[in-house]
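Here's a quick briefing to help you find your way around a new structure. Have a look at it first, then read on.

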Amino acid sequence: MTTDQSVLLHRSGRLARVTLHRPLRRNSFDLDMLARFEDVLHDLGRDRTVEVVVLTGEGTAFCAGTDLRELADLDPETTMHVQRRTADLVERWYRLDQTTVAAFNGPAIGSGAVLGLASDLRVAADSTFFTFPEVTYGIPLTWSGMAILADLVGADLAKRWLLLGERVEPAELLDLRLVTRVVAADDLPAAVDAITDRLLATSVVGRTMTKRAARLAGPRFDAAANDSFLGALSVALRPPGGYLDGDAR
């Protein structure tokens, strides 16, 4: 188990909170943070006391996706290995027995948006927006992103967002029912508490069985099995300057 503190896990009775804690890089994932999140998932998977898990970010951003500074230095073989792990991470988060709630406290970029969208329920601060700029950087969206987006909004709209790098504003997030509520940033904790209180007042068996039944109609993770290959190939073939100075966006 890593001692890295880029992902924090705090338990309080039947409720746990997972906080992406790399605010100086807008909570973007490097390899240490990936390993830490994998440890948190392993811990939660073995926990029989926690019923509801809230995922949020530290600071003003939810998650800026993958830290491109580090990705730019990886060779294709290592990139393929990492992309396999990230796809697995999203699927494991999606399949947790606990009910998961994403609290979008700010912008969610690329794979950062994908991870939040893999949660069962989602609420957003009014400072939140999604964007998927991977194509701009000469890489595809991985992290099982197309599987998640196609399940929630359909492949055609997902493709448009990816190809054009469109910014998805709070009103559209609400219209598409990607979030249940959009609230002022200061009101986000109370909005999340209202959701978690309501969940914890219901049957844990009923919630768990509902999640398992929904998996039958959920994302086609098998269709994203070539994510790691596409990611590695794009790194091998990327044009010079394909990453904008390693920006965490």
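Leaving aside neighbours within four places in sequence, which residues is Phe-29 in contact with? They are Leu-20, Arg-22, Leu-34, Phe-37, Cys-63, Gly-65, Thr-66, Asp-67, Leu-115 and Trp-143, where contact means heavy atoms within 4.5 Å. This is a predicted model, where local features need pLDDT of at least 70, side-chain atom pairs count only at pLDDT 80 or more, and totals for chains, interfaces and linings use all residues. Residues are numbered from 1 along each chain as its sequence is written, and side-chain values use heavy atoms, with hydrogens and water left out.

**Cores**
- The largest nonpolar core (buried Ala, Val, Leu, Ile, Met, Phe, Trp, Tyr and Cys residues joined through side-chain atoms within 4.5 Å) has 52 residues.
- Phe-29, Phe-37, Trp-93, Phe-130 and Phe-132 touch the most other members of that core.
- Helix α1 (residues 31–46) supplies the largest share of this core, 6 residues; helices here are DSSP runs of H or I with at least four residues, and strands are E runs of at least two, numbered from the N terminus.
- There's also a second, separate core of 14 residues, with Leu-15, Val-54, Val-123 and Val-192 among them.

**Strand β2 and its partners**
- In β2 (residues 15–20), 5 of the 6 residues are buried, meaning under 20% relative accessible area with a 1.4 Å probe, protein chains only.
- β2 pairs with β1 (residues 7–12) in the antiparallel sense over 6 bridges; pairing takes at least two DSSP bridges.
- Ser-12 has Leu-15 of β2 as its bridge partner.
- β2 and β3 (residues 52–57) run parallel, joined by 6 bridges.
- Leu-20 stands opposite Gly-57 in β3.

Technical notes
Buried < 20%, exposed > 50% of the residue type's maximum accessible area, 1.4 Å probe, protein only.
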